[in-house]
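Here are a few worked exercises for you to try with the viewer open. Have a go at each task before reading its solution.

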Amino acid sequence: MIELPSQARVVIIGGGVIGCSVAYHLAKLGWRDVVLLERKQLTCGTTWHAAGLIAQLRATANMTKLAKYTQELYGTLEAETGLATGFKRVGSISVALTDERYEELQRGASMARAFGVEVETISVTEAKRRHPLLNIDGVVGAIYLPKDGQGDPGNIALALAKGARQNGATIIEGVKVTGVSTAGGRVTGVTTERGPLKADVVVNCAGMWGREVGRMAGVPLPLQACEHFYVVTEASPDIPRSLPVLRVPDECAYYKEDAGKILLGAFELGAKPWRVDGIPDDFCFDQIPEDFDHFAPILERATHRMPMLEKVGIHTFFNGPESFTHDVRYLLGEAPALANFYVACGFNSIGIQSAGGAGKALAEWIDGGAPPFDLWDVDVRRTFPYQATKSFITSRVKETLGLLYADHYPYRQYATARNVRHTPFYHQLKARGACFGETAGWERANWFVPEADFARGVAPAYEYSWKRQNWFAHSAAEHQAVRTAVGLIDMSAFGKFRVEGRDAEAVLQRLCANDVAVEPGKIVYTQWLNARGGIEADLTVTRLSETSFIIVTSAATTTRDFAWLTRHLPDDANCMAFDVTSGEACLAVMGPNARVMLQGLTTADLSNAAFAFGTAKSIELGMAIVRAHRVTYVGELGWELYMPTEFATHVFDTILAAGAAHGLRLAGMHAMDSLRMEKAYRHFGHDIGDEDHVLEAGLGFAVKVDKPKGRFGAFLGREAVLAKKQAGLEKRLVQFQLKDAGPLLYHNEAIVKNGSIVGYLTSGAYGHHLGAAIGLGYVPCRAGAAADETLAARYEIEVAGVRVPAIASLKPLYDPTSARIRA
């Protein structure tokens with residue numbers, strides 16, 4: 001028996017493939033005092049029964065980069081460790097049974113080309129030639145990825161474990177962690193059945209036990225085990241060897257050949273959560289009882305799609321647990337409220353193909369103290385505590401398992417675990433035809449059924465498509481109302497933080513790239529930067545008094561941004577931060593008629609001379625006092641009105657009553673997005689993130705390198721900004737408008753410059769005022785080259801395999817001088 005040490009630099013909880021990968025990569029980085037604790041035996045949870053599919057293409061460029069690295073790693077582990085991983089590149093074929101699915105596959109192929117992944121759009125007959133067991137009845141199209149592969153999950157994990165040991169890590173099996181020790185907001189170690197173990201860093205790689213381990217540390221994690229089914233046939237000489245992996249997402253099925261057998265697995269709708277009250281303590285290489293009735297519809301469709309299944313017997317009917325998260329993306333990174341407690345769990349049945357890259361990324365994060373590149377797609381800071389409640393996560397995972405193979409339509413909304421968080425205006429908006437979407441749990445009005453249609457019973461519900469969806473014309477009308485008259489938008493879900501104390505200014509001067517040493521009543525648009533000059537947050541700071549500020553940021557980044565703020569409060573600062581998101585409601589009144597409409601409701605002077613852009617004041621509005629911020633995210637004259645929640649109903653009714661005479665229209669989040677796209681306003685998580693340099697994002701106007709150094713030093717990222725100014729930009733964020741009014745842009749479409757793919761769109765929406773789809777995306781440039789050189793090229797955007805000519809601009813295509821917002 002290996003003796004349990006009393007102290008380690010890092011303790012990794014869990015000996016599945018991800019725990020072994022984190023140990024391996026930390027050891028490769030030179031960390032010698034690494035201890036991995038496994039409650040039973042390595043791989044005994046979910047790793048041992050994984051299907052072992054190893055694909056390259058993921059939903060974002062960085063997730064794809066990690067998946068490609070995973071393949072490269074698995075291809076070399078055998079030579080390094082002497083353990084065979086079974087990795088082989090057999091390719092994969094995905095087939096579509098509907099035109100909508102085929103467009104999704106074609107758009108995915110365009111995205112793959114933008115991400116540097118080899119891909120072919122192939123004919124139906126070619127799909128049959130490459131996979132002769134496929135029945136092509138009803139198949140309308142297919143794509144082929146030649147470098148996709150498969151491997152032996154258990155041996156991959158054991159090879160990683162051996163590699164970790166070879167580089168100095170200690171792996172101890174049969175040790176159950178019973179608690180996580182903390183002090184002063186930091187993790188200090190773990191307790192086990194064999195005693196305590198002090199540690200500087202603890203990593204939760206506990207798989208389907210991850211939520212339980214998170215609770216030990218006071219870190220809520222939204223994941224839950226679900227039953228996952230597959231069958232394995234008997235071997236047959238009629239089954240060709242080394243067939244490509246076959247995916248038929250319209251039938252929820254995947255097929256893998258291995259040793260002359262076919263493994264048929266499924267990601268079905270209406271999944272079955274498993275052991276919601278806790279996993280049995282003795283679980284080890286166990287199976288779940290069969291549920292043939294649940295799997296029968298999958299098998300019935302599969303025998304039609306692959307008739308060979310009727311000729312060979314079923315050798316194994318397998319049902320085993322896999323952990324799934326609330327949004328089908330795994331959880332990675334440092335917990336926002338507990339320093340040095342890291343998470344890598346909830347891999348949604350893609351743990352084998354993710355573990356190599358995820359383990360490397362997390363090891364580099366631990367080693368460097370920050371994400372090595374943009375990992376927001378899987379960052380644990382995107383989660384909220386309520387999502388880890390049993391009621392929420394049990395309801396949600398019934399849906400998310402099936403979403404792996406469901407149609408990935410743009411704007412698709414979750415159907416389960418909804419109506420949890422409501423803004424104060426929810427019922428008023430619902431009564432007026434709002435169709436709600438969910439962001440960070442908030443029910444937000446995305447679009448509205450027109451009043452006359454709603455009155456005659458038209459339901460505010462999505463009808464999904466890759467083409468113009470049923471709400472397209474409604475959102476267009478909302479968009480045009482903001483451009484030509486006035487719109488009313490509920491922005492209550494946006495994050496709001498108060499920063500208070502005599503050192504508040506000095507603290508924010510350290511955090512903000514812009515200068516916030518302004519007079520009370522001034523609004524400052526700014527970024528928070530990291531040491532690389534990358535953007536950690538994109539927000540506004542409004543000074544309320546000498547010692548008080550309010551920060552407004554996006555709903556989705558509230559947890560992330562508040563964690564960044566509180567982590568950077570100096571111990572000796574007389575300053576405190578509070579999340580007051582739920583304490584204030586907000587209505588945005590935007591459009592050329594905003595001033596004249598609001599002027600009739602207040603005693604305050606709203607003229608340009610008296611109430612300039614970029615300022616805030618408390619004003620009367622009806623019988624309420626509101627704080628009015630003259631700022632915009634839609635590119636029009638307007639105010640954001642902040643009020644205590646108890647006044648929300650009155651303020652809404654007052655504005656709505658006055659609005660009819662001025663063309664007021666309720667507008668939703670989809671209209672806000674299309675409006676901001678026309679003005680080329682950036683969106684955090686899409687257009688900007690922690691690996692996008694603030695200057696290359698075109699936000700240098702909001703960076704003040706010459707502002708005075710405050711009590712806590714120069715602003716974070718200043719040296720990186722100066723270095724980039726010296727070296728020159730390597731890419732620029734460019735706005736594109738398609739020359740054809742027909743195609744739609746969403747994001748990740750390939751940017752084609754002079755015939756070659758050079759990047760991809762970070763976001764896209766239809767520009768209803770400009771009359772065509774609009775996109776934003778980074779284009780590489782020569783260091784130090786003039787901006788005109790970037791524009792002196794022929795641009796196209798590849799949409800579902802078709803290259804569409806586009807206009808490129810470095811200035812906003814709508815109101816480039818911002819005259820309208822300053823009117």
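**Exercise 1: a threonine in a helix**

T394 touches P273 and V276, leaving aside residues up to four places away in sequence. Keep in mind that this is a predicted model.

Task: work out where T394 lies, and whether T394 is buried or exposed.

Solution. Start with the secondary structure: T394 belongs to helix α9, residues 390–403. Next, take the accessibility. The relative value for T394 is 15%, and buried means under 20%, so T394 counts as buried. Finally, check a distance: the C-alpha atoms of T394 and L223 are separated by 8.6 Å, although the two are 171 residues apart along the chain.

**Exercise 2: two helices that cross**

Task: find how the axes of α2 and α5 cross, and sort the residues of their contact by type.

Solution. First, pick out the helices: α2 covers residues 61–81 and α5 covers residues 153–166. Their axes come within 10 Å and cross at roughly 55 degrees. That angle makes α2 oblique to α5. As for handedness, the crossing of α2 and α5 is left-handed.

Now list who meets whom. On the α2 side you'll find L73, Y74, L77, E80 and T81, and they meet I156, A159, L160, K162, G163 and Q166 in α5. Sorting the residues of this contact gives 6 nonpolar, 3 polar and 2 charged.

**Exercise 3: positive phi outside glycine**

Task: what are the phi values of N748 and A800, and which loops hold N748 and A800?

Solution. A bit of background first: most residues other than glycine have a negative phi. Now N748: its phi is positive, near 70 degrees, and N748 isn't a glycine. N748 sits in the loop between β34 (731–738) and β35 (750–753). With a relative accessible area of 8%, N748 is buried.

On to A800, which has a positive phi of about 50 degrees, again without being a glycine. Look for A800 in the loop between β38 (795–799) and β39 (802–809). A800 is buried as well, with a relative accessible area of 14%.

**Exercise 4: loop residues and their neighbours**

Task: which residues do T423 and W471 touch, not counting residues up to four places away in sequence?

Solution. Take T423 to begin with, in the loop between β20 (421–422) and α10 (426–430). With those sequence neighbours set aside, T423 touches W442, E443, D490, S492 and A493. T423 has 5% relative accessibility, so it counts as buried.

Then move to W471, in the loop between α11 (451–455) and α12 (472–484). Under that same filter on sequence neighbours, W471 touches Y411, W447, Y462 and H670. W471 is buried too, at a relative accessible area of 7%. For a long-range check, the C-alpha atoms of W471 and E78 are 53 Å from each other, with their positions 393 residues apart along the chain.

**Exercise 5: the whole protein**

Task: is the protein as compact as a globular protein of its length, and why?

Solution. Count the elements first: the protein has 19 helices and 39 strands. The radius of gyration is 27 Å, close to the 28 Å from the globule rule for 823 residues, so the protein is as compact as a globular protein of that length. Along the principal axes, the C-alpha trace spans about 85 × 65 × 55 Å. Of the 823 residues, 62% count as buried. Lastly, look at contacts between residues at least 6 apart in sequence: 73% of them join residues at least 24 apart.

Terms used. Residues numbered from 1 in each chain as written. Predicted model: local features only at pLDDT ≥ 70, side-chain atom pairs only at ≥ 80, totals over all residues. Heavy atoms only, no water. Axes fitted to C-alpha atoms, helices over the stretch in contact; angles between N-to-C directions. Helix = DSSP H or I, 4+ residues; strand = E, 2+ residues; numbered from the N terminus. Parallel < 35°, antiparallel > 145°, perpendicular 65-115°, else oblique. Left-handed = near helix turned anticlockwise from the far one by under 90°. Contact = heavy atoms within 4.5 Å. Nonpolar A, V, L, I, M, F, W, Y, C, P; charged D, E, K, R; others polar. Rg over C-alpha atoms; globule rule 2.2 N^0.38 Å. Buried < 20%, exposed > 50% of the residue type's maximum accessible area, 1.4 Å probe, protein only.
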